[in-house]
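Got your viewer open and your mouse ready? Let's walk through this protein stop by stop, selecting as we go.

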Amino acid sequence: MAALVTKKNLLTLLLLGLLAGSLPSFTKAQNCGCASDQCCSQWGYCGTGDDYCGTGCQQGPCNASPPPNDVSVADIVTQEFFNGIIDQADASCAGKNFYTRAAFLEALTAFDNFGRIGSVDDSKREIAAFFGNVAHETGLFCYIEEIDGASKDYCDETNTQYPCNPNKGYYGRGPIQLSWNFNYGPAGNSIGFDGLNSPETVANDPVIAFKTGLWYWMRSVRPVVSQGFGATIRAINGALECDGGNPATVQKRVEYYTEYCNQLGVAPGDNLTC
């Protein structure tokens with residue numbers, strides 16, 4: 001089961017130059033202090049145009065977000081749907097008494113546009129994609145923390161914007177298994193916890209845990225959702241799984257996704273693998 005939670009997120013892969021995808025490549029994010037006519041992109045760069053002012057734009061003359069639709073995510077992620085995932089986890093799993101639908105819905109209040117862009121079917125596909133990836137990352141909500149994560153080094157010492165606390169570990173935690181100091185730092189700033197000095201908060205507070213998953217999704221995965229489920233896999237763990245890296249884990253994610261699409265009564269769409 002260790003493979004389920006062993007991952008490097010998109011930002012890491014881009015930093016290493018390993019990910020071949022449709023998103024702009026970069027070496028490391030700068031501090032945004034852009035000119036008044038420039039946007040601070042989701043990756044922390046100043047510029048103009050859709051790559052900077054579009055999805056994930058942090059500051060400046062950002063493009064207006066498309067208006068949300070009238071979908072109620074709570075009506076789609078019913079207790080029955082949620083239980084259908086977590087009930088498959090063994091009773092001994094730490095996540096069994098941690099992850100709850102109530103915590104997810106409370107976290108959702110900070111991310112109003114999640115699952116609410118495009119048509120009703122688009123909403124259902126995004127929700128199925130989120131839970132399909134989460135089911136894989138956590139072993140059907142079994143795991144809160146990455147297996148053997150404490151023994152691994154997830155400190156990027158070159159990132160001076162979000163310096164590591166030498167006494168803390170930035171290994172995978174929560175539904176998306178948030179990793180690395182350069183994710184814990186901005187996630188904490190956005191959500192409202194000390195990601196660098198108290199990363200364990202993600203494993204202790206289920207609402208914060210779901211907020212980190214939704215934060216990462218909206219920042220790094222949502223921009224490619226329209227490209228198909230395979231693009232979401234690439235955005236989360238592309239270098240290790242896509243392009244033949246690990247076809248078995250890709251297929252497992254696809255199985256979860258298509259199962260949840262079936263439950264929600266929506267076609268899964270094209271481009272399911274990566």
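Here is a tour that starts with the whole chain and then moves to single residues.

**Before you click**

You're looking at a predicted model, where local features need pLDDT of at least 70 and side-chain atom pairs count only at pLDDT 80 or more, while totals for chains, interfaces and linings use all residues. Residues are numbered from 1 along each chain as its sequence is written, and side-chain values use heavy atoms, with hydrogens and water left out.

**Stop 1: the whole protein**

Show everything as a cartoon. You'll find 12 helices and 2 strands; these are DSSP runs, numbered from the N terminus, with H or I over at least four residues for a helix and E over at least two for a strand. Follow the chain along and the pattern reads α-α-β-β-α-α-α-α-α-α-α-α-α-α.

Now switch on the surface. The protein exposes about 11800 Å², and carbon and sulfur atoms supply 47% of that. Such areas come from the Shrake-Rupley method with a 1.4 Å probe, and for residues only the protein chains shown count as cover. Of the 274 residues, 51% count as buried. Here, buried means under 20% relative accessible area, exposed means over 50%, and partly exposed is in between (1.4 Å probe, protein chains only).

One more overall number: take contacts (heavy atoms within 4.5 Å) between residues at least 6 apart in sequence, and 64% of them join residues at least 24 apart.

**Stop 2: the nonpolar core**

In soluble globular proteins, nonpolar side chains tend to be buried together. A nonpolar core is a set of buried Ala, Val, Leu, Ile, Met, Phe, Trp, Tyr and Cys residues joined through side-chain atoms within 4.5 Å. Select F104, F114, F130, F131, F141, W217 and Y260: among the 68 residues of the largest core, these touch the most other members. Helix α10 (residues 206–221) gives this core its largest share, 10 residues.

Zoom in on W217. Which residues does W217 contact, leaving aside neighbours within four places in sequence? You should find F114, E126, A129, F130, N133, R222, P223, V225, T232 and I236.

**Stop 3: helix α6**

Select residues 101–108, which make up helix α6; this helix is mostly covered, with 6 of its 8 residues buried. Those buried residues are R101, A103, F104, L105, A107 and L108. Show what surrounds them and you'll see that they pack against α4 (73–76), α5, α7 and α10.

**Stop 4: an aromatic pair**

Rings of Phe, Tyr and Trp (its six-membered ring) pair if their centres lie within 6.5 Å; planes under 30 degrees apart count as stacked, over 60 as edge-to-face, and the rest as tilted. The count comes to 21 aromatic pairs by that rule. For one of them, select F81 and F131: this pair is edge-to-face, 5.5 Å centre to centre, with 85 degrees between the planes. F81 lies in helix α5 (residues 79–86) and F131 in helix α7, so the pair ties together parts that are 50 residues apart in sequence. Both F81 and F131 are buried.

**Stop 5: E137**

Stay with helix α7 (residues 120–138) and select E137 there. An unreviewed UniProt entry annotates E137 as "active site"; UniProt positions are given in the numbering used here, feature names are shortened, and annotations may be inferred rather than shown by experiment. Is E137 buried or exposed? E137 counts as buried because its relative accessibility is 1%.

**Stop 6: the loop between α7 and α8**

Next, head for the loop between α7 and α8 (181–191) and pick D148. D148 has a positive phi of about 60 degrees although it is not a glycine, and at 56% relative accessibility D148 counts as exposed. W180 is in this loop too, with a positive phi near 80 degrees, but W180 is buried, at 12% relative accessible area.

Now select Y171, also in the loop between α7 and α8. Y171 is buried, with a relative accessible area of 12%. Not counting residues up to four places away in sequence, Y171 touches E145, E146, G149, A150, Y154, L178, S179 and Y184. From C-alpha to C-alpha, Y171 and D148 are 9.0 Å apart in space and 23 residues apart in sequence.

Add R173 to your selection. R173 lies over the face of Y171, at 4.0 Å from the ring centre; a charge sits over a ring if NZ of Lys or CZ of Arg is within 6 Å of the ring centre and within 35 degrees of the ring normal.

Last click: T160, in the loop between α7 and α8. T160 is exposed, with a relative accessible area of 67%.
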